[in-house]
Amino acid sequence: MAEIDEKQITITLPDGSTQTHPAGTTGREVAESIGAGLARDALAIKVNGEVRDLDRPITEDAEIAILTWDDEEGKETFWHSSAHLMAEALQELYPGVKFTIGPPIDQGFYYDVDLGDQTLSADELEAIEDKMLELARRDAEYERHEVSKEDAIRFYEDEDNPYKLELIEDLEEGEISFYEQGDFTDLCRGPHIPSTGRIKAPKLLSVAGAYWRGDESNPQLTRIYGISFPKQKLLEQFLERRRKAKERDHRKLGKELDLFTFDTEQVGPGLPMWLPKGTTLRETLRTVLQQEQIKQGYKPVTTPHIGRLDLYRTSGHYPHYEEDQFPPMVTGQNEEGEEEGYLLKPMNCPHHVKIYQNDHHSYRDLPVRLAEFGTVYRQEQTGELGGLTRVRGFTQDDAHIFCTPEQVKAEFKEVIDLTLKVLDALDFEEFEAQISLRDPEDTEKYVGRDALWDQAEQDIREAVAETDLDAYEEPGEAAFYGPKLDFMVEDALGRAWQLGTIQVDYNLPERFELTYVDEHDERKRPVMIHRAPFGSLERFIGVLIEHCGGNFPTWLAPTQVQIIPVGDDFVDYAEDVAAQLRTEDIRVEIDTSDETVGYKIRNAETQKIPYMLVVGGDEEEAGTVSVRSHADGPQGTVPVDDFLEQAGPEFQPTLK
RNA sequence: GCUGACGUAGCUCAACUGGUAGAGCAGCGCACUUGUAAUGCGCAGGCUGGCGGUUCGAGUCCGCCCGUCAGCUCCA
């Protein structure tokens, strides 16, 4: 070893500067050489792109970065180590517990454990937290041991832990490591933070069931979610942010702003009822998109809410997706002995296909774009329902584009543009775009010729590139009938929801034997594109409410202006002003209640009404209004016309 | 569907180990006639989600059902 010690290596820091250290130096030593503060904060080290324990020797020249709480990878390491600390606490409190996996996640960590016959209730979490803190105070080091596969297997055979044994099976000899802190040893790739003492503020958040390896047929484990911080103050900030996120919850705001309601017991779960204000919101969104679509060559259509079972047999929805649909209304049997009857429509496409078939189509007609705000019904699993983001009856801003294979790319581009317009108009700046492609391992499960798929996938990629959209690809996520592009937006709690979607479909044209006549007078099969920029109005509005915290843009607000007369004597003048605003299609209400001005202002503020116009004797005399904006407070007194001129554009519904 | 938690007035929440269901807000009435985020007084509001059980007695304990929430699984 002596000669290694003498060898010098060059360490390159993130800023490009270099240092010389003896070979075998550690991240901790490098951090110390940079500064005591960094050494104190250092959690792990990145060596040539690989995150490692701070104390693992560095033997070769390397580019390194010392990772702290401020680095994503530093946080991940911290939370991973916290999962081990929680496991140690569980081991003490619940003897016989079997550990499976315990990874860090976006916000914290979890550990899936098998508690055998024991159960764990939420109020036991605090005791586990206390135990974690007690263990953390001992400041045990996380020690890495590389072990042979044989030893690893023996260890978990002794522990009688089939889960870890299953994990080890998939590992190669030589890449198996254990980490040990205090009395807890765990199969783990690492890396970990130096010692448990860094974990000052753990918080366990919830208990949930989770299946081993995510498979429903496997045993169900207990998953404990937690988060932890190096400082108590950071935990407090986290909890405060969570409280604020709950304030934006669309279920809460929907009630407070009288947008929608549920009667889950009598009307049914997942079946929202839209109140007048919510309906105004919906209709405004619908109108603005409808107008834009008509400009872009879409033709509105209207179809019934039910269709014969035969329609869905041809489309393939029935009985294939029977479990996800409301049971059919069976009226009898046909000659073949099949059920006859009707199905609440789970999708709009079969009806639109029939509309396409109402006519013969020449290549000159294509693309045919049929649009409908169509309400569909799906029997989503009970555990999946929630607020407006997952419901059983919802309205899609649906349209189906029937086009030639050559037109797919151009159509895709237009739809991407439209979707981006919608997102932009509502200030969704943070969203993800996911391209879902075929599973290259299993091309059998897809319908449509390979060549068409290849072309469509290429078309999507090019359309995405040409619209400057930043999208990532997910092989294997495509529907069986075609590749797609989905737009995902997060809700207040950070859960990602699919909103807009654009999907290529080779299946339905085939099943319904759709045709068009090409320039050589030959019958050809068109391609269908399903697309919905909002996705569903329900989910979109749910996410939108959380995105803006109920503070809708003025053009979308259910009530745009609240007129507040300072007393009964000025209600007449308030009516005059209201009438004037209504000629401009502004949604205005007058607060004639027997209350103080302060109270009326407060009410309008809590209702998040964009503009309040206070009117009294002075205003009546001068023909003015005292303007107060929800966003910016009092704006001074101006003539009504000036108000209309200044604020007018804000009231216009438009996609810009 | 699975795991865990939960369900009390329109809303938000109280009611110690089983012992007469309360408060604030909202609503209604009266007074006040109001100047930029809560005027005062009063009234009313309940099969404690439903069904069954234990008990002298159940909001409270037990079982089943309905539903909500968090997660898992699923998602045309």
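## A phosphate contact

How far does a polar side-chain atom of Thr 382 lie from a phosphate oxygen of RNA strand B? The distance is 2.3 Å. This comes from a predicted model.

Lys 255 also places a polar side-chain atom by a phosphate oxygen of RNA strand B, at 3.4 Å. Val 566 uses its backbone instead. One of its N or O atoms lies 3.5 Å from a sugar or linking oxygen of the strand.

## The surface near the RNA

There are 54 residues around RNA strand B. Gln 220, Met 347, Glu 384, Asp 594 and Ser 626 come nearest. On the RNA side, sugar and phosphate make up 50% of the strand's atoms that come within 4 Å of the protein.

By type, this surface has 16 nonpolar, 21 polar and 17 charged residues. Helix 18 gives the largest share, with 7 residues. Helix 18 spans 597-606. Other elements that each supply at least two residues include helix 9 (250-256), helix 19 (617-622) and strand 32 (624-629). Strand 12 (201-211) and strand 13 (220-229) do so too.

## A pair of helices

Helix 6 covers residues 149-159, and helix 7 covers residues 162-169. Their axes come within 8 Å and cross at roughly 165°. That angle is why helix 6 counts as roughly antiparallel to helix 7. The crossing is left-handed.

Which residues of helix 6 meet helix 7? They are Lys 149, Ala 152, Ile 153, Tyr 156 and Glu 157. Their partners in helix 7 are Lys 164, Leu 165, Ile 168 and Glu 169. The contact has 5 nonpolar residues, 4 charged ones and no polar ones.

Note on methods: Residues numbered from 1 in each chain as written. Chains lettered and ligands numbered in written order. Predicted model: local features only at pLDDT ≥ 70, side-chain atom pairs only at ≥ 80, totals over all residues. Heavy atoms only, no water. Near = heavy atom within 4 Å. Polar contact = N/O pair within 3.5 Å; in protein donor to acceptor, adjacent residues only side chain to side chain. Helix = DSSP H or I, 4+ residues; strand = E, 2+ residues; numbered from the N terminus. Nonpolar A, V, L, I, M, F, W, Y, C, P; charged D, E, K, R; others polar. Axes fitted to C-alpha atoms, helices over the stretch in contact; angles between N-to-C directions. Parallel < 35°, antiparallel > 145°, perpendicular 65-115°, else oblique. Left-handed = near helix turned anticlockwise from the far one by under 90°. Contact = heavy atoms within 4.5 Å.
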